[in-house]
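Me: I've got a structure open and want to go through it with you. Can we keep it quick?

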Amino acid sequence: WTAGWLGGERLTAPRVVNAMEANGPAHPGFRRNHAKGVCVAGTFRGTEQGQALSTATVFSGEPVPVLGRFSIGGPNPHGADNSARVRSMALQFGGPDASQWRMALNSFPFFAVATPQAFHQQTLAKRPDPATGKPDPAAMEGFLATHPQARKFRQWAKTAPWSDSWANTQYNSVNAFRFIDADGSERLVRWSMRPHAAVHPLDAAERERADADFLAADLQTRLAQGSVHWDMVVTLAAAGDPVNDPSRPWPGTREQVVAGTLTLVHAEPQATGECRDVNFDPLILPSGVAASDDPILAARSAAYSQSFNRRQREIALGRGDAATATEPTR
Ligand code: HEM
C-alpha cells in the first residue's frame, strides 16, 4: 500500500493524518476530512458498454446494491453547507465478497496537487497561526510558489458554479484506474457520476440565505418524490495522457462511455446509518478494476485507514457521542 510514497523524509500515513488533525479542533468519532455527511442507499445497473471495458460483475446488467454517503469537504462535522465548496459522493457497490467496489468521488474535476508530499505541504501551509486563528498567508504563498499547479485548483474553487443540491452535482474519480476486459486488455480510465437532475447554480444571494443543513433537507425532499439518478461516465485515456497525476485533467475530447446508472432511493443521518462505519477506501476494487500507479491513490488508501481506525477507536472508547448521537448535534 505504500507504492513508493514512503522514503526520503519518510512521510507516513500517521504523519499525514496528524497534520490534518492539527489544523483544527478535535471531533472524536468523525472522519478526519469530509466529516459532515449523510448515508444513502440504492442500486447500480451496468451497461453492455461498461461490460465491454471491464469484467467487474457490477457491469453485468443485473442491479447491485449500493451503500453510499454524501458529504461536504472539510474536517468540521457541524460546518455550514453554504460554505462547502467541495461536495462528495462515496459509494460501495455490491455485497461483502470479492466483487465489492468502493470509491470516493469529489465535485472538483482535478486535484490541487500531484503527490502525497505536496498534499502534506499544503496541509502544513493551512495550519492556523495561533496569533490570528487563521492560516498565515505567507505560508500559503510559499506553498503556491513551489507548487504552481495548485493555483489552478484555487481558480476552480473561485469560479466554478455552486450547485444547489447533492442530487444535481457531478462527482469525479479524479485519480486514474485500470479497467481490464475479458481478453485481459487494460485501459486507463477516470470516471464521473453525471446527474440526471438539472443543475441549478446557487447565486451569491441564495447562498447567503441558505440554511446550514440545506443539502440534507433538499435530498430528503427529492427522495420523498422519487429516486435520484446519475450516469457513470467513463473517460478513456489516450496515449500520453497524464495517468499518474490527478492535478492534470485530460482533454475534453477523450472518448467517453456510459458504463451504468446509479439510482439512490433512501437517505438517513450518518450517526445511525450504516455508512458511518465504512471506510470508503478507493483501493477496495473488484476483479476487472485495478489501481493506476498514481501515488495519491496509495496515500489515500493508507490515510483513510488511519482516519477510520482512529474514529472507530474513539467510538469504541465512548468518546464519539456527537458522532453517534441520534439528536442533531448543532
Ligand atoms: C493525499 C491525498 C488525500 C488525503 C491524504 C486524503 C485524506 C482523507 C481522509 C483522512 C478522509 C477521511 C476518511 C475516513 O475517515 O473514512 C478522506 C475522505 C474523503 N476523501 Fe480524501 N484524501 C486525499 C485525496 C482525495 C482525492 C484526490 C479525492 C478525490 C476524489 C478525495 C475524496 C474523498 C472523499 C469523497 C472522502 C469522504 C469519503 C466518505 O464519505 O467516507 N480525497 N480523505
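Me: How far apart are the end C-alpha atoms of helix H7?
Reply: They are 17 Å apart. H7 covers residues 214–225, 12 residues in total, so at 1.5 Å a residue it should span 16 Å, which agrees. The expected span is 1.5 Å times one less than the number of residues. Helices here are DSSP runs (H or I, at least four residues) and strands are too (E, at least two), numbered from the N terminus.

Me: What follows H7?
Reply: Gly226 does, and its phi is positive, near 150°.

Me: Any ground rules before we go on?
Reply: This is a predicted model: local features need pLDDT of at least 70, side-chain atom pairs count only at pLDDT 80 or more, and totals for chains, interfaces and linings use all residues. Residues are numbered from 1 along each chain as its sequence is written.

Me: New topic. Which residues come nearest to the ligand?
Reply: His34, Ser88, Ala90, Ala104 and Ser307, out of 30 around the ligand. A residue is near a molecule or strand if its C-beta atom, placed from the backbone, lies within 6 Å of it.

Me: Which element gives the largest share of that shell?
Reply: H8, with 8 residues. Helices H1 (13–21), H3 (116–125) and H8 (295–316) are among the elements that each supply at least two. So are strands S2 (64–72), S3 (87–93) and S4 (101–106).

Me: And how does the shell divide by class?
Reply: Into 16 nonpolar, 9 polar and 5 charged residues. Ala, Val, Leu, Ile, Met, Phe, Trp, Tyr, Cys and Pro count as nonpolar, Asp, Glu, Lys and Arg as charged, and the others, Gly among them, as polar.

Me: Now the helix pairs. At what angle do H1 and H3 cross?
Reply: At roughly 25°, with axes that come within 9 Å. Axes are lines fitted to C-alpha atoms, for helices over the stretch in contact, and angles run from 0 to 180 degrees between N-to-C directions. H1 and H3 are therefore roughly parallel (under 35 degrees; over 145 is roughly antiparallel, 65 to 115 roughly perpendicular, the rest oblique).

Me: Which residues meet there?
Reply: Val16, Ala19 and Met20 in H1 meet Pro116, His120, Thr123 and Leu124 in H3. Contact means C-beta atoms, placed from the backbone, within 7 Å. By class, that contact has 5 nonpolar, 2 polar and no charged residues.

Me: What about H3 and H4?
Reply: H4 is residues 137–146. The two axes come within 8 Å and cross at roughly 160°. H3 and H4 are therefore roughly antiparallel.

Me: Who touches whom?
Reply: Gln121, Gln122 and Ala125 in H3 meet Ala139, Met140, Gly142 and Phe143 in H4. That contact divides into 4 nonpolar, 3 polar and no charged residues.

Notes. Contact = placed C-beta atoms within 7 Å.
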